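Colleague: I would like to know how the terms used for this model are justified. Please set each value against its definition.

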Amino acid sequence: MENYNEIDDILAEEEFVPVVFQKAINGVKIDESTEKGYIEQGSKTELPFWLARELHMRQAASISVPACFNQKTRLEIQADAACVDLRSRCPYFYEFGSKLAPLCDKTIGLLLPYAFRIRYKEILHKAHTIAFAAASKFPTLLTTEETSLYEAAQSSMAAFKKWRAGGPRLQRASILGRKRKPAE
């Protein structure tokens, strides 16, 4: 079920996808460069995912695989997923891919968990080990979803270090300090 109140969900659906119109459509202009008031069957263009999905559901257009999931990206992910700059290709790589896969290419559904597993390990490792100066470039390669994980990992590591460095390890429960009334 989709959550239309989530800003990330809305932004993920704004990604453009290539479409091919299966039917001619009257009374529509795709862009201002088109002088005709209709779209011919077989016309190709790019549309926001939310619109392309609706047209696909009505069998008016078919969706093609966008560049962020093309063969080149897949090969780079298979070679070294941790080093691929997914943010520049699609800031919402995982969310967008999970919505797109059932409509145009089911193999995207296999690529997403594969990439996530490899990148997740690297995100946690770097969030827990690298210094701030070295860390400044790394987050620029991460998708929006991965950035959230990275920040959560850094926060948890900072909280752990703070806990470990200061204060008593165990605190006495307040109930243990009370004396019982003697039984009569």
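Modeller: Contact means heavy atoms within 4.5 Å. Leaving aside neighbours within four places in sequence, Thr73 is in contact with Ala67, Cys68 and Arg89. The model is predicted, so local features need pLDDT of at least 70, side-chain atom pairs count only at pLDDT 80 or more, and totals for chains, interfaces and linings use all residues. Residues are numbered from 1 along each chain as its sequence is written, and side-chain values use heavy atoms, with hydrogens and water left out.

Colleague: Why does Thr73 count as buried?

Modeller: Buried means under 20% relative accessible area, exposed over 50%, partly exposed in between (1.4 Å probe, protein chains only). Thr73 has 3% relative accessibility, so Thr73 counts as buried.

Colleague: How do you know that the span of helix 6 agrees with its number of residues?

Modeller: Helices (H or I, at least four residues) and strands (E, at least two) are DSSP runs, numbered from the N terminus. The expected span is 1.5 Å times one less than the number of residues. For the 22 residues of helix 6 (residues 108–129) that gives 32 Å, and the end C-alpha atoms are 31 Å apart, which agrees. Its buried residues include Leu111, Ala115 and Arg119, and among the elements covering the buried residues are helix 3 (71–80) and helix 8 (144–165).

Colleague: What makes strand 1 and strand 5 a pair?

Modeller: Two strands pair if DSSP finds at least two bridges between them. Strand 1 (residues 16–21) and strand 5 are joined by 3 bridges, therefore they pair, and they run antiparallel. Val20 stands opposite Ser62 in strand 5.
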